[in-house]
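Here is a walk through one protein model, taken a piece at a time. Keep the structure open beside the text and find each residue as it comes up.

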Amino acid sequence: MPKPWGPTTTAIHAGKRFNTTRAVTTPIFQTSVFQLMENSEGAEFSASVEPPAFYTRWGNPNTSEVEAVLAELEGAERALATASGMAAFALVFEALLKPGDHLVAPAAIYLGTEQLIRRWEAERGLKVTWVQNTLDLAEWEAALQPETRMIWVETPSNPTLALTDLAGVAALGKKHGVRTVADNTFPSPIHTRPLAFGIDLSVASATKYLGGHSDLVAGVIAGPEADIVACWHLAKILGPTLDPMASWLLHRGLKTLALRVRRASDNAQALAQWLLWQPHVARVDYPGLPSHPGHEIAVRQMEKGYGAMVGFELRAGLVAGQRFCEALEVITRGVSLGGVESLIQHPASMSHLKTAPEVKARLGITDGLLRFSVGIEDQPDLIADLEKGFQAAAVAR
């Protein structure tokens, strides 16, 4: 068998069969509908799974191309691109869970995912067990019940960068007949391929590292053919379709994914080590640091770096965190992540300002916590900018 391509070669060439033109870069098929050359094609396409040239809610060459690339990058049988990361997560719930089922998930989880779970709890009787210590496989197993149908993990998690042993959770899923799903937004398939550790489905907000330029909103589900087809049948009805332009942009971003992610990860590793020595910093959360509780797991399941997300806590608390962000010039205040530019947010005064104190405590969000999405800028410029932040934070005391 030929040797598998590397990630960049895969991203550039894997979906070429969907480019039926001579253009080196696939054109944007900005159309809602495709001409049928014969009546029989209408019958054939309407009975097909995701035909690329029938009706764009069902499929489109740009979407089919980027899905082929995403499937190869994740090591999956098939992938489905959606209109957002939350659309991908919601489709997994809608297609693979039913009212009254039981779900196991980490207590510290992305706020949007928690809101989706809470809605299912309130409206569909979903039963949920929240795992406090994601490093403890015994706690994951103890959470399982006869009605458990899904284990949902994030690794590293959002926003605290907690680690979960993917191979261990996957083994529990296999042992108990429970489907396992990993939110792979933070590491991307460059650093972690959950399916390689036995996880059933890998989902992600493609808005982040996969797109990489803060210019699109998209999601992806990658996994076994049967599960992805089930999600597609539902997507065809509900309509969370990724439009051709966004599909084209996503593919454009994937071509430099490995280069961008590795550069950003190198920056993050260096900055995390630098932050450890700053007197205003109480703690630094980064899987690449030996002091991180999940470092040994990160070494086992992350390749070519530990990602570009860094969390750090200012000793001076709430006002210092606000002033820190306001003083920055190179690093942009923003709630997203994964772009070429560095972004920072202060959850206590931004995304989680109105979150109940007990919920913030469960999520690990303190008054001084800063979530730093490290970009690909030059390290000296980022350090100089962070120093401005520390100067402003010192005045805020």
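**Starting from a phenylalanine**

Leaving aside residues up to four places away in sequence, Phe 324 touches Phe 312, Leu 314, Ile 344, Leu 370, Leu 386, Gly 389, Phe 390 and Ala 393. Before going on, keep in mind that this is a predicted model.

Phe 324 is also part of a bigger picture. The largest nonpolar core is made of 59 residues, and Phe 324 is among those with the most contacts inside it, along with Leu 250, Leu 254, Val 310 and Phe 312. Which helix gives this core its largest share? That's helix H11, residues 257-275, which supplies nine residues. There is a second core too, separate from that one: it has 32 residues, including Phe 93, Leu 97, Val 181 and Leu 234.

Two of the names from the largest core, Leu 250 and Leu 254, turn up again in helix H10, where they are among the buried residues. Helix H10 spans residues 244-254, and eight of its eleven residues are buried, so the rest of the structure largely encloses it. Apart from the two leucines just named, the buried residues of H10 include Pro 244, Ala 246, Ser 247, Leu 249, His 251 and Gly 253. What covers them? Among the parts doing so are helix H1 (7-13), helix H3 (61-74) and H11.

Now look for Arg 371, which sits in strand S12, residues 369-373. Is this arginine buried or exposed? With a relative accessibility of 7%, Arg 371 counts as buried, because the cut-off for that is under 20%. Its contacts, again not counting residues up to four places away in sequence, include Asn 158, Pro 159, Phe 186, Met 309, Val 310, Ser 336, Leu 343, Ile 344 and Gln 345. Ile 344 was also on the list for Phe 324. For a sense of distance, try Tyr 209: it is 162 residues from Arg 371 along the chain, and the C-alpha atoms of the two are separated by 16 Å.

Next comes the sheet. Seven strands form an open sheet with mixed pairing, and if you read across it the order is S1-S7-S6-S5-S4-S2-S3. At the edges are strand S1 (78-82) and strand S3 (127-131), each of which pairs on one side only. Going from neighbour to neighbour, the strands are turned by 20 degrees against each other on average, ignoring direction.

For a close-up, take strand S2 (residues 102-106) and strand S4 (residues 148-154), which pair in the parallel sense over three bridges. Leu 103 has Met 150 in S4 as its bridge partner. Helix H4, residues 85-96, packs on the sheet and touches S1, S2, S4, strand S5 (179-183), strand S6 (201-205) and strand S7 (219-223), with its direction at about 145 degrees to that of S6. Helix H9, residues 225-238, packs on the sheet as well: it touches S1, S5, S6 and S7, and its direction makes about 25 degrees with that of S1.

Helix H9 also brings us to the charged side chains. How many salt bridges does a search of the whole structure find? The count is 18. In one of them, Asp 227 pairs with Arg 179, and their closest N and O atoms are 3.1 Å apart. Since Asp 227 lies in helix H9 and Arg 179 in strand S5, the pair ties together parts that are 48 residues apart in sequence. Asp 227 is buried, at 11% relative accessible area, while Arg 179 is partly exposed, at 23%.

Another salt bridge joins Asp 200 and Lys 174, at 3.5 Å from N to O. This pair also links distant parts of the chain, 26 residues apart: Asp 200 is in the loop between helix H8 (188-191) and S6, and Lys 174 is in helix H7 (residues 166-176). Asp 101 and Lys 98 meet in a salt bridge too, at 3.2 Å from N to O. Here Asp 101 is buried, with a relative accessible area of 5%, and Lys 98 is partly exposed, with 46%. Glu 50, Arg 78 and Glu 225, meanwhile, are linked in a network of salt bridges.

Last, the cysteines. A disulfide is a covalent bond between the sulfur atoms of two cysteines. The count of disulfides here is zero. Cys 231 is buried, at 0% relative accessible area, and Cys 325 counts as buried at 4%.

Key: Residues numbered from 1 in each chain as written. Predicted model: local features only at pLDDT ≥ 70, side-chain atom pairs only at ≥ 80, totals over all residues. Heavy atoms only, no water. Pairing = 2+ DSSP bridges. Helix = DSSP H or I, 4+ residues; strand = E, 2+ residues; numbered from the N terminus. Axes fitted to C-alpha atoms, helices over the stretch in contact; angles between N-to-C directions. Contact = heavy atoms within 4.5 Å. Disulfide = S-S within 2.5 Å. Buried < 20%, exposed > 50% of the residue type's maximum accessible area, 1.4 Å probe, protein only. Salt bridge = Lys/Arg side-chain N within 4 Å of Asp/Glu carboxyl O. Core = buried A, V, L, I, M, F, W, Y, C linked by side-chain atoms within 4.5 Å.
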